[in-house]
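Biologist: Could you take a close look at a single strand with me and show how it sits among its neighbours? I'm new to this, so please explain the terms as you go.

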Amino acid sequence: MNKEKSKSITWKKRTIRLILFPVLMLIVYGFLFAVLPEKAIAAFKSSGKVFLNITIPLGFVFILLVIFNLFLNPAHIVKLFGKKSGIKGIILSSTAGIISMGPVYAWYPLLRELRKKGAANYLMAIFINSRAVKPFLLPVMISYFGVRYVIVLTVVTVTGTIVAGYITGVLSGD
Amino acid sequence: MKIAVSADGPDLESEVGQRFGTSKYFIIFDKETLAFESIPNPGASSDSGSGVQAIILVVGKKVDTVLTGYCSPTAMGHLTKNGIKIVTGVDGNVYDAVKRYKESELKHIKETDHKSDSWTSENNRAAIAGAFKSSARQFVNILPTLAGVVLLIGLFNALMSKELLSLVFSGNAFFDTLWGACFGSIFAGNPVNSYVIGGELLKYGISLFAVTAVIVAWVTVGLVQMPAEISALGRKFAVVRNVVSFFMSIAVAGATVLVFNSIRW
């Protein structure tokens, strides 16, 4: 009986914590609508566009999650992305970050699961930071800044993300 | 459903602890996903009362089954009273022990079920359904924060303008780079926007240092999506990663422009 009661209290607390941020945002929208209605509408439309942009990557991430849950157990994850995965782990997480599509927050559920199953902090950081290199957007970047700049930026960024990932790992208690 | 295994060390390759009360660690698994956490046993070093502390830990973590080498009758009585099943005589490494236990449980289900001919396909179906269920749960957990982040991005996009941005940059390379990293950190969304804004800023005569810092920080530092990152990966990791990435974006901007200016082909 007591166990059931404490479970329902924890569930309530978790739900409140989960919806607090979006509810806060809706309140801000409400205020903005009262003061500057046209800005609020523009913001809402812009949010809608962002939401539409992330639905496809989110769907892709959901499929990946199912596959990961089905075939990858903690022992695999520790081998591929664990603290002792070495240079292979760095190359794997860096490459995965570079080719991953969509906004970073679409990847959080997957990263959270990988980490729960034993992936190292520094490799998670390398994955997130490596997303600064976007192979699919390189043509756009070249059109703005030229080939030479893009090559230099890409090489320096990849090196920088690995160093930053390592420092993040050390400071966050890997 | 949770399984706790008494262990000699914190990782999956550690041996199963042979005494419930004095094992150095408890590794607690989620039965469906096998996600785990290692918790040091507070009773490992104490001579008396070690069993009580281990019981408190296991009950507090809402464990359903305990796997261990040996458990005293007193501890077993307390655990059973709390609805926890105890399996003794377990040895080998922790991960193998949990796998063996899960398999034997499935086997038990098979034995009690007389329609055992389609067991393999039933087992596969159960595994797929389980994977869908836990993926959906992981998704639902992150969706409300994600919705908040999307609303916040919409606000930023509507309230900020390119003109407003170009007002802030003064022409000093150092401060402009710092501002660039700050702006890149605040804004989020498709990086293609950072290229467009970067291109516009260059036209206004803003230095390449600042523009590079905007582009790198745009993706690597995310103040707007920070709540989502904290809820997914923990406060410490999210804060450290963003702070380190902020300084990295400044360093990358400096190195890129210096190399870019010194190489000619």
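What follows is a walk around one strand of chain B, β1.

Modeller: Sure! This is a predicted model, where local features need pLDDT of at least 70 and side-chain atom pairs count only at pLDDT 80 or more, while totals for chains, interfaces and linings use all residues. Residues are numbered from 1 along each chain as its sequence is written, and chains are lettered from A and ligands numbered from 1 in the order in which they are written.

Chain B comes to 10 helices and 5 strands; helices (H or I, at least four residues) and strands (E, at least two) are DSSP runs, numbered from the N terminus. Our strand, β1 of chain B, covers residues 2–7, and 5 of its 6 residues are buried, so the rest of the structure largely encloses it. Buried means 20 or more other C-beta atoms within 10 Å of a residue's own, exposed means 12 or fewer, and partly exposed is in between, with C-beta atoms placed from the backbone. Across chain B's 265 residues, 43% count as buried.

Now the neighbours. Strands pair if DSSP finds at least two bridges between them. β1(B) runs antiparallel to β2(B) (residues 25–30) over 6 bridges, with B:S6 opposite B:F26. With β4(B) (residues 65–67), β1(B) pairs in the parallel sense over 3 bridges, and there B:A4 has B:V66 as its bridge partner.

Zoom out, and the 5 strands make an open, mixed sheet in the order β3-β2-β1-β4-β5 of chain B. At the edges, β3 (36–40) and β5 (85–87) of chain B each have a single partner strand, so one side of each lacks a neighbour in the sheet.
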